[in-house]
Amino acid sequence: MTSVVIADDQVLVRSGFAVIVGSAPDLEVVGEAGDGHEAVELVRATHPDVVLMDIRMPELDGLEATRQIKADAATAGTRVLVLTTFDLDEYVYDALRAGASGFLLKDTLPDDLLAAVRVVAAGEALLSPRITRRLIEEFAQRPDPTAASLKPVAGLTEREAEVLGLVAKGLSNAEIASELVMSPATAKTHVSRLLTKLDARDRTELVIIAYETGVAVAGRA
Amino acid sequence: MERRTLVDRLKSIDSRVFDGLLTLGVTLFGVGSQFVDNPANDPSLKETDALALLLGLATCLPLYLRRRQPLPALTASAVAITVLAVSEYATNNLPNATLFLAYAVGAFAPRRQAIVGLGVVVLAIVTIWLSDTPDLDTNGMILNIALFSAAWLAGQVVRARSLTAAAQLAEAEERAEAENQAAARAVAEERLRIAQELHDVVAHSMSVIAVQAGMGAHVLDSQPEEARRALENISQTSRTTLNEMRRLLGVLRDEEGERSHAPAPGLDEVPHLVDDVRRAGLPVELDIAGPSEAVPHGVELSVYRLVQESLTNIIKHAGTASATVTISCTPVDVDVEVVDDGRGAAVKNGHGGHGLVGMRERVAVWGGTLDAGPRVGGGFRIHARIPFGDAS
């Protein structure tokens with residue numbers, strides 16, 4: 001049974017999501033929060049698998065709450081799924097950098113919402129290629145040619161750098177495998193090595209690193 | 001550089017016609033007198049001949065340029081009549097032309113040129129006197145200097161007056177322009193604010209409607225009761241939003257339709273606001289007491305916005321609830337209280353919340369106070385006091 005906490009400052013949005021999530025046999029709502037403070041406290045108390053986190057809330061916003069949850073060892077295991085009204089939103093991007101596993105538009109269809117919760121609960125990153133990539137493209141810092149930011153990527157093999165570039169384009173492991181003419185298992189291994197070498201939480205962070213170090217460049221299809 | 005208006009063009013034709021007629025008249029008068037008094041009364045003066053006529057014309061004709069080139073015209077005229085007099089011809093009525101030109105130099109020439117012009121005239125008179133012509137004796141010289149100076153001074157006075165008038169007009173136009181710009185800027189800022197409010201309202205409510213609609217459809221069969229509640233929520237939310245939009249857009253239309261006389265809502269519009277909220281599904285009790293005439297417009301607007309923001313928050317966060325709005329006016333301040341008994345306390349320690357920050361700012365501008373916090377029995381209370389007494 002996957003446990004979920006829902007945080008949103010609007011009652012009707014909160015309760016709406018609660019009914020949707022509660023209607024799934026494999027999901028259970030263990031708490032609702034109306035602002036960032038309540039969200040953090042609730043996560044500390046209930047250690048849910050997933051938090052649906054509205055980004056703009058009073059008191060403490062979703063971004064800061066995400067930071068706190070991910071920074072605390074006791075709660076870092078909880079996956080954060082950010083909710084937003086607008087897809088191109090700098091706050092959302094910052095939340096991804098802070099450790100959110102992905103984001104959803106609030107008007108996402110219920111079935112898609114449930115699928116997303118299951119995906120991040122399983123430890124995968126939610127990386128809808130088109131939207132998430134656009135977000136990262138939009139807000140990733142321009143690659144700084146100084147040593148510090150290039151260092152992580154310097155230790156990659158050529159193959160690994162290629163794979164990183166494709167991950168940044170939003171390709172799945174299977175797609176990467178076919179693109180680079182390798183077996184899916186090999187692609188998966190490369191991605192795992194990338195996660196280790198670059199000290200990344202998940203695929204999302206790989207994409208961010210790719211843009212910030214210039215391996216991937218905004219605008220190139 | 002402004003385009004010359006039709007009036008300006010007519011005026012310039014007007015002045016040219018006037019100058020032309022004046023010149024004509026003075027020339028006829030002046031040169032005519034050269035014929036009539038011929039030979040002159042004084043036998044020691046020469047008879048009018050071709051040269052005299054020429055000089056006579058040269059004295060009078062420059063008058064036509066009195067506006068455009070007053071100093072050159074005066075100089076030409078003064079030289080001509082000096083030569084005429086020194087050559088022992090009779091001057092008769094010819095000096096009138098030079099007299100007119102003395103006025104013209106005072107009225108139309110810039111300062112320095114005007115002073116030079118006066119000097120030219122005095123020089124001419126003195127030269128004629130020095131030449132010992134019987135046409136001008138010492139008394140005559142003094143008289144003429146006085147006369148020509150008077151004409152010159154008259155010109156200066158007229159000039160000073162018209163300059164002041166022109167300067168004042170320019171200043172008044174500048175001020176009016178600045179006021180127009182300030183007003184336009186205020187209107188633009190208000191419209192921007194309204195647009196932002198509209199945007200926030202629509203974005204929030206559409207999110208709610210999307211979630212509730214999605215939820216309702218999702219559990220229509222498995223949890224029909226929830227689906228029903230979803231529909232009711234959608235109904236209430238969309239109604240409230242439409243009302244809010246009507247209010248905001250109503251303000252916009254006023255500004256476009258008529259002279260903008262600050263269509264800011266005040267205490268009179270609060271009952272209307274409360275009615276809209278009731279129709280959106282939230283029961284509200286309203287109590288307004290005390291004399292409201294002394295309350296400044298700005299304070300009224302702040303009170304209205306405070307009530308509006310509070311009620312909106314209650315609808316958004318407090319679930320099922322009812323609210324009470326109490327407004328009391330005294331000659332020195334307004335007391336506003338909005339309480340609800342719903343289950344929402346979206347704000348913990350009374351500081352956060354975008355709406356609350358805005359409320360605090362509105363109240364702080366007037367040096368007022370705002371308390372916001374949960375009530376003991378449940379629900380939330382917002383209380384503000386806005387003073388406006390005479391600053392002493």
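# Briefing: chains A and B, their interface and a nonpolar patch

The secondary structure of chain A comprises 11 helices and 5 strands. This is a predicted model. Chain B contains 10 helices and 5 strands. Chain A and chain B bury about 2100 Å² between them, and the rule finds 0 salt bridges across that interface. On chain B, a nonpolar surface patch of about 730 Å² includes B:Val17.

**Chain A**

- Chain A has 221 residues, of which 53% count as buried.
- The exposed area of chain A is about 9500 Å², with 51% of it supplied by carbon and sulfur atoms.
- Among contacts in chain A with a separation of 6 or more, 66% join residues 24 or more positions apart.

**Chain B**

- Chain B has 392 residues, of which 38% count as buried.
- About 22000 Å² of chain B is exposed, and carbon and sulfur atoms supply 60% of that area.
- For contacts in chain B with a separation of 6 or more, residues 24 or more positions apart account for 68%.

**Interface between chain B and chain A**

- The contact involves 25 residues from chain B and 22 residues from chain A.
- Of the roughly stated total, about 2100 Å², 62% lies on carbon and sulfur atoms.
- No salt bridge is found by the rule across the interface of chain B and chain A.
- The rule does find 3 residue pairs in polar contact across this interface, with both residues of a pair at pLDDT 80 or more.
- On the side of chain B that touches chain A, the elements giving two or more residues are helix H6 (138–218), helix H7 (224–257) and helix H9 (297–317) of chain B.
- H6(B) provides the largest share of that side, 11 residues.

**Nonpolar patch on chain B**

- The patch of about 730 Å² is formed by B:Leu6, B:Leu10, B:Ile13, B:Val17, B:Leu21, B:Leu24 and B:Leu28.
- One of these residues, B:Val17, lies in helix H1 of chain B, which covers residues 6–36.
- B:Val17 counts as partly exposed because its relative accessibility is 45%, and that class lies between the buried limit of under 20% and the exposed limit of over 50%.
- Patch membership requires over 30% relative accessible area, a cut-off that the 45% of B:Val17 meets.

Conventions
Residues numbered from 1 in each chain as written. Chains lettered and ligands numbered in written order. Predicted model: local features only at pLDDT ≥ 70, side-chain atom pairs only at ≥ 80, totals over all residues. Heavy atoms only, no water. Patch = residues over 30% accessible without salt bridge, like charges linked within 9 Å, V, L, I, M, F, W, Y side chains within 5 Å. Areas by Shrake-Rupley, 256 points an atom, 1.4 Å probe, with all protein chains shown as cover. Salt bridge = Lys/Arg side-chain N within 4 Å of Asp/Glu carboxyl O. Helix = DSSP H or I, 4+ residues; strand = E, 2+ residues; numbered from the N terminus. Buried < 20%, exposed > 50% of the residue type's maximum accessible area, 1.4 Å probe, protein only. Contact = heavy atoms within 4.5 Å. Buried area = accessible area lost by both parts, 1.4 Å probe. Polar contact = N/O pair within 3.5 Å; in protein donor to acceptor, adjacent residues only side chain to side chain.
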